Amino acid sequence: MEILRSVVVLLHIVGFAVTFGGWVAEAAARRFRTTRMMDYGLLISLLTGLVLAAPWPSNTVLNYPKIGIKLAILVALGGVLGMGNARQRRTGQAVPRALFAAVGALAFAAAAIAVVW
Ligand code: HEM
């Protein structure tokens, strides 16, 4: 069970890597667009996070306030990505810089809370 849980944690971290990596790639290329990769990464984080948040038959102690805050950040991130994607589809332009920055900041904040708290 411990090994299975570790594999799910690994996939959960891959979700973060895909979202944040997609964001870094856009910033580095100076395109500042929201992308499908970010959506997929977020979906992976959500699905694996929900699996990890269920009580596992092991002696892992779950920190529910921390999980709740990460879930709230994930929902906010989903909202920001949804807005960004819709705007891009409508205007064909990159998203406003503040919206783009919010994607990176929220993803980073969720990972920071996961690791530091
Ligand atoms: C963008 C959103 C998220 C990011 C970046 C993120 C990031 C992380 C990271 C990096 C870890 C590994 C931390 C460690 O083992 O020290 C982790 C663990 C975990 N995450 Fe998330 N997470 C996110 C959303 C969620 C959501 C939505 C849930 C649940 C609904 C969740 C539940 C968990 C649980 C239960 C663990 C395992 C904690 C433990 O075993 O100590 N996460 N998360």
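**A ligand shell in a four-helix chain**

Sorted by class, the residues around the ligand come out as 18 nonpolar, 4 polar and 1 charged. That shell, like everything else described here, comes from a predicted model. It holds 23 residues in total, and the closest to the ligand are Phe 16, Gly 49, Leu 52, Ala 110 and Ala 114. Helix H1 (2–28), H2, H3 and H4 each give two or more residues to this shell.

As for the overall fold, the chain has 4 helices and 0 strands, so to speak a plain α-α-α-α when read along the sequence. Its C-alpha atoms fill a box of roughly 50 × 25 × 25 Å along the principal axes. Of the 117 residues in the chain, 24% are buried. Sequence-distant pairings are well represented: taking contacts between residues at least 6 apart in sequence, 74% join residues at least 24 apart.

Helix H3 spans residues 64–91, which makes 28 residues. From first C-alpha to last, H3 reaches 40 Å, close to the 40 Å expected at 1.5 Å a residue. Its buried residues are Lys 70, Ile 73, Leu 74, Leu 77, Val 80, Leu 81 and Gly 84; a lysine thus sits in the list alongside the leucines. These buried residues pack against two other helices, H2 (36–53) and H4 (97–116). Just past the end of H3 comes Gly 92, with a positive phi of about 75 degrees.

Over in helix H1, Thr 19 is worth a look of its own. Thr 19 counts as buried because it has 30 C-beta neighbours inside 10 Å, where 20 are enough to qualify. Once neighbours within four places in sequence are set aside, the contacts of Thr 19 are Met 38, Gly 41, Leu 42, Ser 45 and Ala 107. Among these partners, Met 38, Gly 41, Leu 42 and Ser 45 fall within the 36–53 range of H2, while Ala 107 falls within the 97–116 range of H4. Asp 39 also comes into the picture: Thr 19 and Asp 39 are 20 residues apart in sequence, yet their C-alpha atoms are 7.1 Å apart in space.

Notes: Residues numbered from 1 in each chain as written. Predicted model: local features only at pLDDT ≥ 70, side-chain atom pairs only at ≥ 80, totals over all residues. Expected span 1.5 Å × (residues − 1). Buried ≥ 20, exposed ≤ 12 C-beta atoms within 10 Å, placed from the backbone. Contact = placed C-beta atoms within 7 Å. Near = placed C-beta within 6 Å. Nonpolar A, V, L, I, M, F, W, Y, C, P; charged D, E, K, R; others polar.
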